[in-house]
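Colleague: I have a model on screen and want the reasoning behind its labels. Can we go through a helix pair and a cavity?

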Amino acid sequence: MSEVHILGAGFSGMSLAVELATRGFRVQVYDERDRTGGLIESTPLRHDTRGVCGATGAVFAERAAHTISCTPELGEFFHRLGLAPLVQSPAAKKRYFYRERGRPGGKGLTRWPLGFCESMGLAGKFLRAKITGSMSPEPGETLRDWGDRVVGEAARHFLLETAMQGIYAGDGGRLSASLLLGNIFRRTHTDMNRQKYLGITSFQGGVASMFKAMESELIKRGGQLHLGRRIELKDFPHRPLVLAVSAMEAARLLAAGVSNSRGATGANSSQELAQNLSGIENVSLISITAVFPSVSRRGFGCLVPRGEGLRVLGVLFNTSTFDRGWSDWVEAWIYGGATDPEILSLDDESLLRLLTTERRKIFGLAETPTAWKITRWHSALPAYNVTLERILQQAAPLMRDLESREKIYLHGNFLGGIGLSKLYRRSCELAERIQLAGNQVRD
Ligand SMILES: Cc1cc2nc3c(=O)[nH]c(=O)nc-3n(C[C@H](O)[C@H](O)[C@H](O)COP(=O)(O)OP(=O)(O)OC[C@H]3O[C@@H](n4cnc5c(N)ncnc54)[C@H](O)[C@@H]3O)c2cc1C
């Protein structure tokens, strides 16, 4: 049985490990942490004086992914793992925007942030771009430029940039339209069918609970987990090897030198690739999960455009997204991103004061949280900006070279999507490539 080694037991590494093990590979997974999950962790929330939230302590805070956009293939993966994905509650269909600026009388929370003339302007611009065949993003075009060109300034600012900043936490003036929207315009008819989204999902115990199921499946199929083990490539000769780590870590590992069964390999494509990857920028984030006495608004969440005098990027209404039977009202507030890195210097007390003030402004509720969990990410996600677009283009032939010469494959959320459904798709594609390469060697 062929062996494959994977560095990183986050979602990328673990989902690939299960896919390879299912194809008959003996898979060894290594992670420097003493748990699987990487960025993802679901931890119980505690009240100051009343102990854990929820009667059984079942109320938790998500550190990274709160929900998963489920595709048919991901749904099938969860089914194979024996997981029971939750169905989003009917209320979660409601998504809100906050807008006061530029609207007569101010609107506050709204399902559609554009006025009548702005909506007409959006329809006109969009139709014109469709008729003239100029919808596709140009190489190197920013989201802001694409938006102004195809949907008009108001829709670009209040809808497009606001929504994308809620996912990628980037700066609209630097986000890459091609990386964010290119797939929509490149899709063939069959791809469209394969990309179908079934809605959002999670699990009763939180997103992180899927890792226990992946661990069991891996071990059942003869794989092994080596937790608490930090790997350096210069003394790791095993192949095939997959680096399922952040761009920064992949760059560091490759730059420090690669050794294989033939000994150390010198400065070559791996060094050049390391140099490329080290140029990838990261965005910082803060997520605050908090319990409040009153319900702010039932729904999925609310997005906040820049320029409204608020620092929050978006609020997720955790309690009403899935019916988990929580009696506590839990919200997740996301701050920071490419346009507000300074917020990381605020201490917990200042952050909670800011949150309380902004909650009063958005929802009209003057309350302080009864429980909270604050997570600060100095380097949360790769910045999906035009620099990343250029780097990925330059890195593509170097990555192919590394695969064919060194049998080293790259995986992770800097290669085309941060969402778990995209990472899972890459896991399936990689598993197929590794299997094919193994067959070719045997032939
Ligand atoms: C605040 C926030 C909210 C998010 N919300 C969502 C959401 O709602 N939905 C969604 O789909 N996605 C969301 N995401 C994105 C998603 O969580 C990530 O893209 C995904 O978890 C990344 O997984 P990964 O396995 O690629 O990387 P990681 O989770 O970073 O895993 C990499 C692993 O490699 C290990 N490692 C690194 N170096 C070494 C080494 N030398 N040796 C051994 N091990 C090593 C690390 O310890 C780590 O465990 C969110 C992210 C953040 C930060």
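**Labels and their reasons**

Modeller: Yes. Bear in mind that this is a predicted model.

Colleague: Why are α4 and α5 called oblique to each other?

Modeller: The axes of α4 (residues 143-150) and α5 (residues 153-168) cross at roughly 140 degrees. Roughly antiparallel needs an angle over 145, and roughly perpendicular covers 65 to 115. The pair fits neither class, and α4 and α5 are therefore oblique.

Colleague: What is the handedness of the crossing of α4 with α5?

Modeller: Right-handed.

Colleague: How do you know that α4 and α5 meet, and through which residues?

Modeller: Their axes come within 8 Å. Contact takes heavy atoms within 4.5 Å. From α4, L143, R144, W146, G147 and D148 meet E153, R156, L160, E161 and M164 of α5. That contact divides into four nonpolar, one polar and five charged residues. Gly counts as polar.

Colleague: Now the empty space. What makes a space a cavity rather than a pocket?

Modeller: A 1.4 Å probe fits in a cavity but cannot get out, whereas a pocket is open. The structure holds one cavity of 30 Å³ or more. The largest cavity has a volume of about 120 Å³.

Colleague: Which residues line the largest cavity?

Modeller: F60, A61, E62, H66, T67, F300, L316, N318, T321, F322, R324 and W326. Two elements give two or more residues each: β6 (60-62) and α11 (318-321).

Colleague: Which element gives the most to that lining?

Modeller: β6, with three residues. By class, the lining has six nonpolar, four polar and two charged residues.

Methods. Residues are numbered from 1 along each chain as its sequence is written. This is a predicted model: local features need pLDDT of at least 70, side-chain atom pairs count only at pLDDT 80 or more; totals for chains, interfaces and linings use all residues. Side-chain values use heavy atoms; hydrogens and water are left out. Axes are lines fitted to C-alpha atoms, for helices over the stretch in contact, and angles run from 0 to 180 degrees between N-to-C directions. Helices (H or I, at least four residues) and strands (E, at least two) are DSSP runs, numbered from the N terminus. Angles under 35 degrees count as roughly parallel, over 145 as roughly antiparallel, 65 to 115 as roughly perpendicular and the rest as oblique. A crossing is left-handed if the near helix is turned anticlockwise from the far one by less than a right angle, and right-handed if clockwise. On a 1 Å grid over the protein atoms alone, a cavity is a set of points where a 1.4 Å probe fits but cannot get out, and a pocket is an open set with protein on both sides within 12 Å along at least five of seven lines; lining residues have an atom within 4 Å of a point. Grid points are joined across faces, edges and corners, and a volume is the space filled by probe spheres set on the points.
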